[in-house]
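Reader: Hey, got a minute to walk me through this model? I'd like to begin with the ligand site.
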Amino acid sequence: MFVIMLIFCEVTNPKKLWEKNWSLLAEGIQHPERKRRHNLHLELTEAQLKNLTLVDIEELMKRSGRTLAEFPSMPIPEKEKEYAYKNKLIDEELDYDKEKLRTQHISLKNGLNSVQREIFDAVSQSIEQGNGGLFFVHGSGGTGKTYLWNTIITGLRAKSKVVLAVASSGIASLLLPGGRTAHSRFKIPITLEDNSTCDVSHGTQLAGLICKAKIIIWDEAPMIHRHAFEALERTVRDLMNPSKDKTK
Ligand SMILES: Nc1ncnc2c1ncn2[C@@H]1O[C@H](COP(=O)(O)OP(=O)(O)OP(=O)(O)O)[C@@H](O)[C@H]1O
């Protein structure tokens, strides 16, 4: 009804209409969101409810070839959040206790030794500047690699950044917070050849998650055939190429 009014009724003050009625429009938002996130106790904040309602309104507007942007007084849904809400995998990767992570991160970071600190700074700088890069960290057992991963992971997750923590083996993946095996996370084929790719298509939730990741941490990397990395590299290059995304 709200969309019909906006499009056909020449409403003089759309923002006022929205402010007066947004809570009515948002009534159906909370329940499906609880179901979708498998959390019956989820309480969305007012800002989240408003944003999700605006997302729905914008979708309905687009079906009629219109957009909320045509109504300058109307708020526009925040794209970043809109995208995140629609991707369950991203939701899961952002669903951490940020305060707890921040405290852990500060403590871990303060304890880094000089070599760990050097690597931590180089990786953090590369992420902050968006330069991209490949860092190969090696050291004997017990030299503090997992400690370093945890420092990087807690710092980024505390800032709501997506970190994909994987390991070549199931056992090693258990030592990483939120860790998975590389095979299961990236759908790497079991039988690998020199031209293999991962089973991830454009427009899927997994593709969205991979594109959103700030860093992939791969523990025990040398334990797996190089074809696995090459398959992932080929796949990520393809996913990050927007011209190939036919779903847009
Ligand atoms: N900078 C540090 N300050 C305090 N403790 C540390 C530090 N670095 C590592 N440790 C501790 O040393 C132990 C071994 O570190 P860690 O598990 O990170 O090593 P690792 O290189 O991952 O070992 P492995 O290759 O066997 O998995 C852990 O108990 C860890 O908490």
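Reader: So what's the mix of residue classes in the shell around the ligand?
Author: Keep in mind that this is a predicted model. By class, the shell around the ligand has nine polar, two nonpolar and one charged residues.

Reader: Which residues are they?
Author: The ligand is surrounded by Gly-111, Leu-112, Asn-113 and Gln-116, plus the stretch of Ser-140, Gly-141, Gly-142, Thr-143, Gly-144, Lys-145, Thr-146 and Tyr-147.

Reader: And which helix gives the most to that shell?
Author: That's helix α9, residues 145-158, with three residues.

Reader: What about Gln-116, how far is its side chain from the ligand nitrogen?
Author: An N or O atom in the Gln-116 side chain is 2.8 Å from a nitrogen atom of the ligand.

Reader: Which backbone atoms does the ligand's oxygen side come up against?
Author: A polar backbone atom of Thr-143 is 3.3 Å from an oxygen atom of the ligand. For Gly-144, a polar backbone atom is 3.1 Å from a ligand oxygen.

Reader: How much of the ligand does the protein cover?
Author: On its own the ligand has 630 Å² of accessible area, and the protein covers 52% of that.

Reader: OK, switching to pockets. What volume does the largest one have?
Author: About 1400 Å³. It is lined by 38 residues, and the closest to its centre are Gly-133, Leu-134, Phe-135, Ile-215 and Ile-216.

Reader: What's that lining like by class?
Author: The lining of the largest pocket has 23 nonpolar, eight charged and seven polar residues. Elements that each supply at least two lining residues include α8 (114-129), α9 and β3 (213-219). Helices α12 (205-212) and α13 (226-239) also each supply at least two.

Reader: New topic: Ser-168. Where is it?
Author: Ser-168 is in the loop between β1 (162-167) and α10 (170-174).

Reader: Buried or exposed?
Author: Ser-168 counts as buried, because its relative accessibility is 16% and the cut-off for buried is under 20%.

Reader: What does its side chain touch?
Author: The Ser-168 side chain makes a polar contact with the side chain of Trp-218, at 3.0 Å. A polar atom of the Ser-168 side chain also lies 2.7 Å from the backbone oxygen of Glu-220.

Reader: Last one, Ala-231. Where does it sit, and is it buried or exposed?
Author: Ala-231 is in helix α13. At 0% relative accessibility, Ala-231 counts as buried.

Reader: How far is it from Phe-186?
Author: C-alpha to C-alpha, Ala-231 and Phe-186 are 9.6 Å apart in space, with their positions 45 residues apart in sequence numbering.

Key. Residues are numbered from 1 along each chain as its sequence is written. This is a predicted model: local features need pLDDT of at least 70, side-chain atom pairs count only at pLDDT 80 or more; totals for chains, interfaces and linings use all residues. Side-chain values use heavy atoms; hydrogens and water are left out. A residue is near a molecule or strand if one of its heavy atoms lies within 4 Å of it. A polar contact is a pair of N or O atoms within 3.5 Å; within protein, one must be able to donate a hydrogen and the other to accept it, and residues adjacent in sequence count only if both atoms are side-chain atoms. Accessible areas come from the Shrake-Rupley method with a 1.4 Å probe; for residues, only the protein chains shown count as cover. Helices (H or I, at least four residues) and strands (E, at least two) are DSSP runs, numbered from the N terminus. Ala, Val, Leu, Ile, Met, Phe, Trp, Tyr, Cys and Pro count as nonpolar, Asp, Glu, Lys and Arg as charged, and the others, Gly among them, as polar. On a 1 Å grid over the protein atoms alone, a cavity is a set of points where a 1.4 Å probe fits but cannot get out, and a pocket is an open set with protein on both sides within 12 Å along at least five of seven lines; lining residues have an atom within 4 Å of a point. Grid points are joined across faces, edges and corners, and a volume is the space filled by probe spheres set on the points. Buried means under 20% relative accessible area, exposed over 50%, partly exposed in between (1.4 Å probe, protein chains only).
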